[in-house]
Amino acid sequence: MQEFEWIDDCFRVEEKKWGTWSSYDKEGKELITSLQKELCISATRWYLKEKQEGFVENQVKYEGVVGGKL
């Protein structure tokens, strides 16, 4: 079993093969991908804070498909 450095005891970051960084929650779900480790940590902290406060679930979702005849 591989040991990870847990950030804020909430998530971990991992460097991918292409030089990008990804963060994962404790269940292993990928959260954020970034080009730099520090940005990945910062963005993940913001995302988890907003998720905890309910901001993420209340966002308006838009569909990328245009219906009807053009």
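This is a short tour of the structure, from the whole chain to the sheet, the helix, the core and two loop residues.

The model is predicted, so local features need pLDDT of at least 70 and side-chain atom pairs count only at pLDDT 80 or more, while totals for chains, interfaces and linings use all residues. Residues are numbered from 1 along each chain as its sequence is written, and side-chain values use heavy atoms, with hydrogens and water left out.

**Whole chain.** Colour by secondary structure. The protein chain has one helix and four strands, in the order β-β-β-β-α from the N terminus. Helices (H or I, at least four residues) and strands (E, at least two) are DSSP runs, numbered from the N terminus. Now show the surface. The accessible surface is about 5,900 Å², and carbon and sulfur atoms hold 53% of it; areas come from the Shrake-Rupley method with a 1.4 Å probe, and for residues only the protein chains shown count as cover. Of the 70 residues, 29% are buried. Buried means under 20% relative accessible area, exposed over 50%, and partly exposed in between (1.4 Å probe, protein chains only).

**The sheet.** Select the four strands. They form an open, antiparallel sheet in the order 1-2-3-4; two strands pair if DSSP finds at least two bridges between them. Strand 1 and strand 4 are the edges, each with a single partner strand, so one side of each has no neighbour in the sheet. Strand 1 (6–7) is joined to strand 2 (11–15) by two bridges. Pick W6 to see one of the pairs: its bridge partner in strand 2 is R12.

Move to strand 3 (21–25) and strand 4 (30–34). Three bridges hold this antiparallel pair, and W21 has S34 as its bridge partner in strand 4. The two strands make a hairpin with four residues between them, and G28 in the turn has a positive phi of about 95°.

**The helix.** Select helix 1 (37–52). At 1.5 Å a residue, its 16 residues should span 22 Å, and the end C-alpha atoms are 22 Å apart, which agrees; the expected span is 1.5 Å times one less than the number of residues. Which residues of helix 1 are buried? They are C40, I41, T44, Y47 and E50. Their cover includes strand 1, strand 2, strand 3 and strand 4. After the helix comes G54, with a positive phi near 90°.

**The core.** Show I7, F11, V13, W21, L31, I32, C40, I41 and Y47 as sticks: these nine residues are the largest nonpolar core. Such a core is a set of buried Ala, Val, Leu, Ile, Met, Phe, Trp, Tyr and Cys residues joined through side-chain atoms within 4.5 Å. Strand 2, strand 4 and helix 1 each give two or more residues, and helix 1 gives the most, with three. Centre on L31. Beyond neighbours within four places in sequence, L31 contacts F11, S23, Y24, D25, T44, Y47 and L48, where contact means heavy atoms within 4.5 Å.

**The loop between strand 1 and strand 2.** Last, select D8 and D9. D8 lies in this loop and has a positive phi of about 55° although it is not a glycine. D9 lies in the loop between strand 1 and strand 2, and its phi is also positive, near 55°. Are these side by side residues buried or exposed? D8 is partly exposed, at 44% relative accessible area, and D9 is exposed, at 53%.
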